[in-house]
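Work through the exercises below with the structure open beside the text. Try each task before reading its solution.

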Amino acid sequence: MTDERDLELLRILEENSRLSTEEIATMTSLDAAEVARRIGALEAAQIIMRYSTVVNWEKAGNGEVSAIIELKVSPERDFGYDRIAERLSRFRQVRSLRLITGTYDLQLIVAGKNMQEVSRFVSEHVAPMDRIRETATHIIMKSYKENGNTFFEQPETERLPISP
Amino acid sequence: MRNFVSARAREIPPSGIRKFFDLVLTMDDVISLGVGEPDFRTPWNICESGIYSVEQGVTSYTSNRGLQTLRDALSRYIAQRYDLHYDSNNEMIITTGVSEALDIAVRAVVDPGDEVLIAQPSYVSYGPCVTLAGGTPVPVRCTEKDRFRLNPDHLAEQVTPKTKALIINFPNNPTGGIMSESDLKAIADIVIDHDLVLISDEVYAELTYEARHCSAATVGDLWERTITLNGFSKAYAMTGWRIGYLCAPQDLCDAALKIHQYVMLCAPVMGQVGALEAIRSAEEEKNSMVNEYRLRRNMFVAGLNRIGLPCHVPEGAFYAFPSVEKTGLSDIEFAERLLKEQRVAVVPGSVFGAGGEGHVRCAYAVSRKELTASLERMEAFLQKI
């Protein structure tokens with residue numbers, strides 16, 4: 001079970017996972033050994049899944065293409081959407097996969113080197129899958145915000161250098 | 001030609017930070033810990049509601065007291081949050097920042113010749129406001145030994161038959177000190193015994209890191225003789241919107257309102273609209289800013305103590321107030337040399353009046369990266385002196 005301190009560590013790490021144990025310790029007034037122990041436990045419990053980086057790929061210029069794919073799926077007796085979701089999730093190209101309410105059932109974010117790769121992936125691997133009744137593909141033209149990070153360059157706010 | 005400048009204007013000193021301000025402007029690569037405002041932007045929903053109101057043509061005067069909707073929301077909010085009960089129709093004025101609220105509060109109660117006690121170190125405008133109202137400011141020293149709380153004995157020593165009012169500011173700028181309910185009770189006895197009016201500037205009320213803020217008017221029988229000042233600048237990163245408020249029993253509030261209507265008419269309407277949005281739906285943004293200040297405080301204060309600048313743990317506001325006495329330099333020398341030699345700007349404590357000497361104020365409302373870099377520079381500075 002996580003407690004309030006664990007949640008605090010998670011918030012800190014989610015914002016910046018490169019902080020050292022010592023830095024986190026001084027910020028939270030815990031001792032470094034305690035921080036290390038708690039983070040270790042959160043990793044072991046798979047609450048911390050991994051440490052990754054938010055990349056603005058568009059700026060990096062790797063030319064990758066992403067698409068949102070919506071699927072209508074006939075659920076299976078006893079398993080609902082879970083088994084087909086698991087199958088889909090194994091594809092490297094599938095970056096995110098969610099069960100959603102509304103017109104469609106599953107929503108995927110798919111990434112590929114170019115438009116051809118994405119469309120081939122959808123038409124050859126996703127659409128023909130049993131129980132998938134309908135697909136809708138939306139190519140992502142530009143990303144403005146990902147996981148709470150905006151990709152706009154914000155000018156520095158001008159503050160007075162000294163104020164009372 | 002005569003000297004047209006009034007005796008009162010001549011009497012008030014220029015702000016002690018002006019010299020630093022000018023010096024900093026001439027230098028590059030300065031890390032400024034001298035800024036008494038949040039480094040966050042105003043939460044977007046607040047900005048957006050202000051922009052929308054302007055688009056809708058909400059650009060006129062409001063009533064002198066301020067928007068009814070804002071006062072109603074505020075009255076409910078402070079009742080729920082601080083157990084502070086003021087009627088939104090008769091006991092509350094929306095002001096142009098707490099600065100204005102302070103000015104009209106002082107002018108509403110001070111007559112020429114009155115002495116006004118000011119718990120110091122304090123924000124720089126209390127003394128001059130009292131002087132401009134014809135009163136005499138009398139500092140009451142808060143010391144590090146008392147964790148910068150107002151000591152009732154020190155207070156009692158300064159009371160004379162001429163004393164009319166006491167001005168306090170907790171959580172405190174520049175020390176970060178706070179007053180608990182029991183600390184305030186001890187003060188309340190003296191205030192009531194000597195029949196003083198209390199002006200309590202609580203603009204940092206939302207920024208406490210251990211205990212929840214105790215509002216002075218909720219303590220004992222202080223309500224009937226207290227003017228509570230607060231505002232949106234610090235909690236919601238809204239310094240430039242200029243919205244504060246004054247709450248007081250009706251007779252005091254009416255007096256302040258007369259001054260407000262002649263000198264200010266009303267607070268800016270777009271600021272009031274933004275403030276309403278802040279109360280309605282910026283709780284989470286506020287809490288996340290407060291949480292970030294707490295993390296920075298822990299990191300920065302531990303850093304100051306580690307490099308040899310002893311610092312009490314400030315329990316509120318966003319200032320650390322370390323002692324520089326061990327360096328053998330005065331606070332002014334320390335601040336000047338630190339700026340020139342390591343390009344870190346801090347504010348000498350003596351600017352904030354009695355009890356401030358020998359300390360410097362470091363605002364930790366800057367990024368963690370800058371705080372870390374400033375600690376490195378300060379450490380390098382300490383090694384050379």
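The exercises that follow deal with a predicted model.

**Exercise 1.** Find out whether chain A is compact or spread out, starting from its elements.

Solution.
Step 1. List the elements: chain A has six helices and six strands. From the N terminus on, they come in the order α-α-α-α-β-α-β-β-α-β-β-β.
Step 2. Compare with the globule rule. For 164 residues the rule gives 15 Å, while the radius of gyration of chain A is 21 Å, well over that value, so chain A is more spread out than a compact globule.
Step 3. Add the outline and the burial. Along the principal axes, the C-alpha atoms of chain A fill a box of roughly 60 × 45 × 30 Å. Of the 164 residues, 14% count as buried.

**Exercise 2.** Describe the contact between chain A and chain B.

Solution.
Step 1. Count the residues on each side: eleven of chain A touch 21 of chain B.
Step 2. Sort the side of chain A by residue type. It holds five nonpolar residues, five polar ones and one charged one.

**Exercise 3.** Divide chain B into domains and describe where they meet.

Solution.
Step 1. Take the bounds from the domain assignment: domain 1 of chain B covers 7-42 + 284-384, and domain 2 covers 44-281.
Step 2. Give the separation. The centres of the two domains, taken over C-alpha atoms, are 24 Å apart.
Step 3. Count the contact residues: domain 1 of chain B gives 35 and domain 2 gives 38.
Step 4. Locate the domain 1 side. Helix H1 (7-11), helix H11 (283-307) and strand E9 (319-320) of chain B each give two or more residues to it. H11(B) has the largest share, with six residues.
Step 5. Sort the domain 1 side by type: 15 residues are nonpolar, eleven polar and nine charged.

**Exercise 4.** Which strands of the seven-stranded open sheet of chain B stand at the edges, and which helices lie against the sheet?

Solution.
Step 1. Write down the strand order, E2-E8-E7-E6-E5-E3-E4, in which the pairing is mixed.
Step 2. Read off the ends. E2 (92-96) and E4 (136-141) of chain B each have a single partner strand, so one side of each lacks a neighbour in the sheet. From one strand to the next, the twist averages 20°.
Step 3. Look at one pair inside the order. E5 (163-169) and E6 (197-201) of chain B run parallel and share five bridges. B:Ile168 is opposite B:Ser200 in E6(B).
Step 4. Place the helices. Helix H5 (97-109) of chain B touches E2, E5, E6, E7 and E8, at about 30° to the direction of E8(B). Helix H4 (68-82) of chain B lies across E2 and E8, at about 110° to E2(B).

Key
Residues numbered from 1 in each chain as written. Chains lettered and ligands numbered in written order. Predicted model: local features only at pLDDT ≥ 70, side-chain atom pairs only at ≥ 80, totals over all residues. Domains from an automatic or database assignment. Contact = placed C-beta atoms within 7 Å. Helix = DSSP H or I, 4+ residues; strand = E, 2+ residues; numbered from the N terminus. Nonpolar A, V, L, I, M, F, W, Y, C, P; charged D, E, K, R; others polar. Pairing = 2+ DSSP bridges. Axes fitted to C-alpha atoms, helices over the stretch in contact; angles between N-to-C directions. Rg over C-alpha atoms; globule rule 2.2 N^0.38 Å. Buried ≥ 20, exposed ≤ 12 C-beta atoms within 10 Å, placed from the backbone.
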